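Visitor: I have a model open and would like to learn how to read it. Where do we begin?

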Amino acid sequence: MTRAFFRRPVVEVARDLVGCVVRHGGTAGVIVETEAYHDSESACHAHAGLTPRTATLFGAPGHAYVYRSYGIHAMLNAVTEPEGVGSAVLIRALEPLAGLEAMRQRRGLERLEDLCSGPGRLTQALGIGLDLNGSDLLDGPIRFEPRAPDFDGRVQATAPRVGITKAVELPWRFTAEGNRFVSRPRPAAGALA
DNA sequence: CATGGGATTGACT
DNA sequence: GTCAATCCCATGC
């Protein structure tokens, strides 16, 4: 994974991150679901402009944007595009890969499908908190690793993003087709990226 | 300074 | 299906 990988258009990065690995501490998972956010559309936090909250989004690519949602859940994003552009890829679901016992302890659940299948769930499972906002994804506590060469899953591109009220029409949700760790609602079978 | 809403989840009817 | 929990922080008076 390189800085140049993240400096590209956010939609391309969101598509290409499916199949890549996220590692934090002893835990890791394969990304099976992402969403793209860009300051040019109103569903993105950066749409309001540069504020203390969104500073990370406008910063250098390849860094983590972590924020709290609904007062409870931490959300993990990867900042993309050149510095000055507010954009990021939300990581929505992982397929558990390593540190399963730590994940089960943090989540208080046993079922594999319940550990990381949701944006708030995966941050809890990996132990990712708000203190990691702004940290480097290439050389920091959270590491993004390239897609495994044998990743054979196809990437599905047509699903609308989840839980937003604005710019709902943009098909910027990407999932590993047919993967059982994708969060709900499951996208219908559709076009491939 | 007060207020309101949000890239969600899980418990309960 | 419905609904409350709970905390930043942007916005507006």
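Guide: With a cut-off: contact here means heavy atoms within 4.5 Å. Keep in mind that the model is predicted.

Visitor: Then which residues is aspartate 39 in contact with, leaving aside its neighbours within four places in sequence?

Guide: Cys44, Ala46, His47, Phe58, Val85 and Gly86 are in contact with aspartate 39, once those sequence neighbours are set aside. Aspartate 39 itself sits in the loop between β2 (27–38) and α3 (55–58).

Visitor: How do I read a polar contact there? What lies 2.8 Å from the backbone nitrogen of glycine 86?

Guide: For a polar contact, look for a pair of N or O atoms within 3.5 Å. In this case a polar atom of the aspartate 39 side chain is 2.8 Å from the backbone nitrogen of glycine 86.

Visitor: And sequence distance against spatial distance? How far apart are aspartate 39 and proline 82?

Guide: In sequence, 43 residues separate aspartate 39 from proline 82. In space, their C-alpha atoms are 13 Å apart.

Visitor: Next, the strands. How many bridges join β2 to β5?

Guide: Ten, and β2 and β5 run antiparallel. For one position, take glutamate 33, which stands opposite alanine 93 in β5. β4 (73–79) is also antiparallel to β5, joined by three bridges. There, valine 79 has alanine 88 of β5 as its bridge partner.

Visitor: What should I expect of side chains along a strand?

Guide: In a regular strand they alternate between the two faces of the sheet.

Visitor: Why is β5 largely enclosed by the rest of the structure?

Guide: Because nine of its twelve residues are buried. Buried here means under 20% relative accessible area, counting protein chains only.

Visitor: Which residues of helix α2 are buried?

Guide: α2 covers residues 10–17, and its buried residues are Val10, Val13, Ala14, Asp16 and Leu17. They pack against several elements, among them α1 (3–7), β2, β4 and β5 (87–98). β6 (142–145) and β8 (173–176) are packing partners too. After α2 comes glycine 19, with a positive phi near 100°.

Visitor: Now the DNA. Which residues come nearest to strand B?

Guide: Tyr67, His73, Met75, Leu90 and Arg121 come nearest, out of 21 residues around DNA strand B. β3 (64–69), β4, β5 and α5 (119–126) each supply at least two residues of that surface. By class, the surface has ten nonpolar, eight polar and three charged residues.

Visitor: How do I tell backbone from base in that interface?

Guide: Count the DNA atoms within 4 Å of the protein. For DNA strand B, 55% of them belong to sugar or phosphate, and the rest to bases. Then check individual atom pairs. Histidine 73 places a polar side-chain atom 2.8 Å from a base oxygen of DNA strand B. Histidine 45 has one 3.3 Å from a base nitrogen of that strand. On the phosphate side, a polar side-chain atom of arginine 121 is 2.7 Å from a phosphate oxygen of DNA strand B.

Visitor: What surrounds DNA strand C?

Guide: Ala48, Thr51, Pro52, Arg53, Arg68, Tyr70, Gly71 and Ile72 do. Of the atoms of DNA strand C within 4 Å of the protein, 64% are sugar and phosphate. The surface has four nonpolar, two polar and two charged residues.

Visitor: Which atom pairs should I inspect there?

Guide: Three will do. A side-chain N or O atom of threonine 51 is 2.9 Å from a phosphate oxygen of DNA strand C. For arginine 68, a polar side-chain atom lies 3.4 Å from a phosphate oxygen of DNA strand C. Glycine 71 uses a backbone N or O atom, 3.2 Å from a sugar or linking oxygen of DNA strand C.

Technical notes. Residues numbered from 1 in each chain as written. Chains lettered and ligands numbered in written order. Predicted model: local features only at pLDDT ≥ 70, side-chain atom pairs only at ≥ 80, totals over all residues. Heavy atoms only, no water. Helix = DSSP H or I, 4+ residues; strand = E, 2+ residues; numbered from the N terminus. Polar contact = N/O pair within 3.5 Å; in protein donor to acceptor, adjacent residues only side chain to side chain. Near = heavy atom within 4 Å. Nonpolar A, V, L, I, M, F, W, Y, C, P; charged D, E, K, R; others polar. Buried < 20%, exposed > 50% of the residue type's maximum accessible area, 1.4 Å probe, protein only. Pairing = 2+ DSSP bridges.
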